[in-house]
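Biologist: I should like to go through this structure with you step by step. Please give your reasoning before each result.

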Amino acid sequence: LSANGGCGYAAYASVNGWYQMFVNRFIAYTGVQTHEMGHNLNLAHSGSEGFSSNPAMAGDSDGVIASGGYTDHTCSMGNPLFSDDIGKMCFNAAKNFQIQ
């Protein structure tokens, strides 16, 4: 089993919806909360569509929001922080523009 219970992700959220689900201790990490809130605000992952630096999160050819990305390290939608001790991150300019 992996550190997060073997499921391959820390949390998930509805896109343009209201719910967020967290695995174990990840509910306590503001970086993960911010990332999932981005999905609630209708934001996709930041980075290359269908590509991920994490093989467990590799996307499909349809560009599903829950897949791929994570290659834009300037935004919490591209590189969620799994610890509050390593820095702070928010949405980048492109994501902030989408929210308006």
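Biologist: Which residues form a nonpolar patch on the surface, and what is their accessible area together?

Modeller: The model is a predicted one. One member of the patch, Met 21, lies in strand 2 and is partly exposed, with a relative accessible area of 42%. The patch is formed by Tyr 9, Tyr 12, Trp 18, Tyr 19 and Met 21, and together these residues have an accessible area of about 580 Å².

Biologist: What pattern does the protein chain follow along the sequence?

Modeller: The secondary structure comprises two helices and two strands. Strand 1 covers residues 11–13 and strand 2 covers 20–22, while helix 1 spans 30–40 and helix 2 spans 93–99. Read along the sequence, the pattern is therefore β-β-α-α.

Biologist: How much of the accessible surface of the protein chain belongs to carbon and sulfur atoms?

Modeller: Of the 100 residues in the chain, 34% count as buried. The accessible surface of the chain comes to about 6,000 Å², and the share that belongs to carbon and sulfur atoms is 56%.

Biologist: What share of the contacts with a separation of 6 or more is made by residues 24 or more positions apart?

Modeller: A contact here means that heavy atoms lie within 4.5 Å. Among the contacts in the protein chain with a separation of 6 or more, residues 24 or more positions apart account for 36%.

Biologist: Is helix 1 mostly covered or mostly uncovered, and what covers its buried residues?

Modeller: Helix 1 is mostly covered, as eight of its eleven residues are buried. The buried residues are Gly 31, Val 32, Thr 34, His 35, Glu 36, Gly 38, His 39 and Asn 40. What covers them includes strand 1 and strand 2.

Biologist: Which residue of those touched by Gln 20 is joined to it by a polar contact between side chains?

Modeller: Gln 20 is in strand 2 and is partly exposed, at 26% relative accessible area. Leaving aside residues up to four places away in sequence, Gln 20 touches Tyr 12, Ala 13, Gln 33, Glu 36, Met 37 and Asn 40. A polar contact of 2.7 Å joins the side chain of Gln 20 to that of Asn 40.

Biologist: What distance separates the C-alpha atoms of Gln 20 and His 39?

Modeller: Gln 20 has its place in strand 2, whereas His 39 is one of the buried residues of helix 1. The two residues are 19 residues apart along the chain, and their C-alpha atoms are separated by 9.0 Å.

Biologist: Is His 45 buried or exposed, and with which side chains does its own side chain make polar contacts?

Modeller: His 45 is in the loop between helix 1 and helix 2. Its relative accessible area is 11%, and because buried means under 20%, His 45 counts as buried. The side chain of His 45 makes one polar contact of 3.3 Å with the side chain of His 35, and another, of 3.1 Å, with the side chain of His 39.

Biologist: What is the phi of Asn 42, and where is this residue placed?

Modeller: Asn 42 comes just after helix 1, in the loop between helix 1 and helix 2. At 40% relative accessibility, Asn 42 counts as partly exposed. Its phi is positive although the residue is other than glycine, with a value near 75 degrees.

Biologist: What value does the positive phi of Asn 16 take?

Modeller: Asn 16 is in the loop between strand 1 and strand 2. With a relative accessible area of 57%, Asn 16 is exposed. It is not a glycine, and its positive phi is about 60 degrees.

Biologist: Why do Cys 75 and Cys 90 form no bond, and how many disulfides does a search of the whole structure find?

Modeller: A disulfide is a covalent bond between the sulfur atoms of two cysteines. The cysteine sulfur closest to that of Cys 75 is in Cys 90, and the distance is 7.6 Å, so the two are too far apart for a bond. Cys 75 is buried, at 0% relative accessibility, whereas Cys 90 is exposed, at 53%. The number of disulfides found in the whole structure is zero.

Notes
Residues numbered from 1 in each chain as written. Predicted model: local features only at pLDDT ≥ 70, side-chain atom pairs only at ≥ 80, totals over all residues. Heavy atoms only, no water. Helix = DSSP H or I, 4+ residues; strand = E, 2+ residues; numbered from the N terminus. Buried < 20%, exposed > 50% of the residue type's maximum accessible area, 1.4 Å probe, protein only. Polar contact = N/O pair within 3.5 Å; in protein donor to acceptor, adjacent residues only side chain to side chain. Disulfide = S-S within 2.5 Å. Patch = residues over 30% accessible without salt bridge, like charges linked within 9 Å, V, L, I, M, F, W, Y side chains within 5 Å. Areas by Shrake-Rupley, 256 points an atom, 1.4 Å probe, with all protein chains shown as cover. Salt bridge = Lys/Arg side-chain N within 4 Å of Asp/Glu carboxyl O.
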